[in-house]
Amino acid sequence: MPLYETLQQSAQRLGFVGFGAAAAGALGPEMERRLGEYISEGRNADMDYMARNVEKRLDVTLLVEGARTVFAFLAPYDHHDNPVIASYAHGLDYHKVIKDRIHAFVEENRASLEAAANGDFAYRAFTDSAPIMEREWAVRCGLGFIGCNTFLISPTAGLRTLIGVMVCNVPFEEVDCMRLRRDKAAVPADCGRCGACINACPTGALSEPYTIDARKCISFLTIESRTPERGNDASHGHLWGCDCCLDACPWNTDTPGWPEFSCNRERLAADPEEIFSIFARNRK
Ligand code: SF4
Ligand code: SF4
């Protein structure tokens with residue numbers, strides 16, 4: 001069986017609802033232009049880290065020495081009917097959960113990966129934890145496309161997924177195969193632009209397709225900002241994140257989420273402020 005298919009089956013067994021691969025390398029001038037505009041127009045608000053390590057962000061081979069292949073994984077989470085806390089935040093910290101699962105993936109496939117890397121296999125796993133464009137890599141690996149709301153949309157698993165990335169020194173030629181090319185060719189070019197996400201955004205942060213102004217975005221204001229706005233008018237009462245532009249999208253599915261991402265559901269339903277003891281202390 002080709003290496004890609006062996007790895008894909010392993011990723012499915014481990015619960016990932018998307019898996020793909022792409023050759024490591026520079027993301028190219030179009031991505032450089034878009035990132036440059038995002039920063040120069042100030043849409044990154046006080047996320048100063050977006051303006052640092054730009055070269056590495058645009059070329060994963062500068063971030064990981066010897067990088068030859070990028071694998072991307074999708075971890076699903078459930079929808080929760082909580083108006084003030086984003087659905088993804090109803091369980092354990094996804095950074096650790098997903099990285100642990102990628103490490104398990106490597107252990108399950110170590111012999112094949114070592115053979116493909118001539119006995120010198122090396123890798124790093126990332127989940128929203130380094131200057132790497134996870135969504136762009138997920139698209140390049142064939143997991144989906146970017147919707148007007150800027151979420152990754154998987155044609156099979158929808159929008160409620162978190163992305164994990166593994167960068168390794170396995171030559172991409174060892175992974176590339178007809179099945180991978182066929183998987184990538186089956187992904188639609190875009191979402192269809194129904195406009196529901198733009199209409200659903202309560203602040204105007206998403207005022208045109210593919211363009212979010214973090215300075216107005218509730219997700220930024222409640223989670224990433226150095227001076228958070230929570231439970232007030234600026235955040236429209238939200239405490240942690242915002243799913244309005246996500247929930248509005250017709251590409252959503254009923255794909256079951258991992259239990260780890262829902263284990264605090266009842267606790268948060270009883271007292272939403274518990275989010276700060278469960279999650280916020282890890283970030284601030
Ligand atoms: S997360 Fe909320 S505030 Fe931010 S763009 Fe989406 S709908 Fe608008
Ligand atoms: S809500 Fe409509 S416009 Fe927005 S991402 Fe989904 S399909 Fe695209």
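**Note on the predicted model: helix α1, the central strands, two ligand shells and some loop residues**

1. Just after helix α1, Gly15 adopts a positive phi of about 100°. The coordinates discussed here and below belong to a predicted model, and each remark should be read with that in mind.

2. Helix α1 itself spans residues 3-13, and within it Tyr4, Leu7, Gln8 and Ala11 are buried. These buried residues lie on the same side of α1, because they cover an arc of only 105° around the axis. The spacing fits a general property of such helices: an α-helix has 3.6 residues a turn, so residues three or four places apart point the same way. As for what this side of the helix meets, the buried residues of α1 pack against β1 (18-23), β2 (69-76), α5 (94-116) and α7 (178-185).

3. Strand β1 is largely enclosed by the rest of the structure, because five of its six residues are buried. It runs antiparallel to β2, and six bridges join the two strands. Within this pairing Gly20 stands opposite Ala72 of β2, while Ala21 stands opposite Phe71 of β2.

4. Strand β2 is mostly covered, with eight of its eight residues buried. Its side chains can be sorted by direction: Thr69, Phe71, Phe73 and Ala75 point one way from the strand, whereas Val70, Ala72, Leu74 and Pro76 point the other way, and all of them are buried. Besides β1, the strand has another partner, since β2 and β6 (residues 161-168) pair in the antiparallel sense over eight bridges. In that pairing Phe73 is placed opposite Gly164 of β6.

5. The largest nonpolar core has 74 residues, and those with the most contacts inside it are Val70, Ala72, Phe73, Cys141, Val165 and Val167. Val165 may serve as an example of how this region is connected: leaving out residues up to four places away in sequence, it touches Val70, Ala72, Phe126, Ile132, Glu134 and Trp137. Two of the names in that list, Val70 and Ala72, are residues that point the same way from β2, as set out under point 4.

6. The residues around ligand 1 are Ala200, Cys201, Thr203, Ala205, Leu206, Ile212, Cys217, Ile218, Ser219, Cys242, Cys244 and Cys245. By class they divide into 10 nonpolar, two polar and no charged residues. Two helices, α9 (218-224) and α10 (244-247), each supply at least two residues of this shell.

7. Thr203, one of the residues around ligand 1, lies in the loop between α8 (196-200) and β7 (206-208). Thr203 counts as partly exposed because it has 17 C-beta neighbours inside 10 Å. Apart from its neighbours within four places in sequence, Thr203 is in contact with Lys216, Cys217, Ile218 and His236, and among these Cys217 and Ile218 also appear in the shell around ligand 1. Glu274, by contrast, is 71 residues from Thr203 in sequence and 25 Å from it in space, C-alpha to C-alpha.

8. Gly204 is found in the loop between α8 and β7, and it is exposed, with 10 other C-beta atoms within 10 Å. The C-alpha atoms of Gly204 and Lys216 are separated by 7.0 Å, although the two are 12 residues apart along the chain.

9. The shell of ligand 2 comprises 14 residues, of which the closest are Gly147, Cys191, Cys194, Cys197 and Cys249. By class, this shell has nine nonpolar, four polar and one charged residues, whereas the shell around ligand 1 has no charged residue.

10. Two backbone conformations in the loop between α2 and α3 deserve a check by eye, given that most residues other than glycine have a negative phi. Ala45 has a positive phi of about 50° although it is not a glycine, and its place is in the loop between α2 (29-40) and α3 (54-58). Asn53 has a phi near 55°, again a positive value in a residue other than glycine, and it lies in the loop between α2 and α3. Both count as partly exposed: Ala45 has 17 other C-beta atoms within 10 Å, and Asn53 has 14.

Notes:
Residues numbered from 1 in each chain as written. Chains lettered and ligands numbered in written order. Predicted model: local features only at pLDDT ≥ 70, side-chain atom pairs only at ≥ 80, totals over all residues. Near = placed C-beta within 6 Å. Nonpolar A, V, L, I, M, F, W, Y, C, P; charged D, E, K, R; others polar. Buried ≥ 20, exposed ≤ 12 C-beta atoms within 10 Å, placed from the backbone. Helix = DSSP H or I, 4+ residues; strand = E, 2+ residues; numbered from the N terminus. Arc of directions from axis to C-beta. Contact = placed C-beta atoms within 7 Å. Core = buried A, V, L, I, M, F, W, Y, C linked by C-beta atoms within 7 Å. Pairing = 2+ DSSP bridges.
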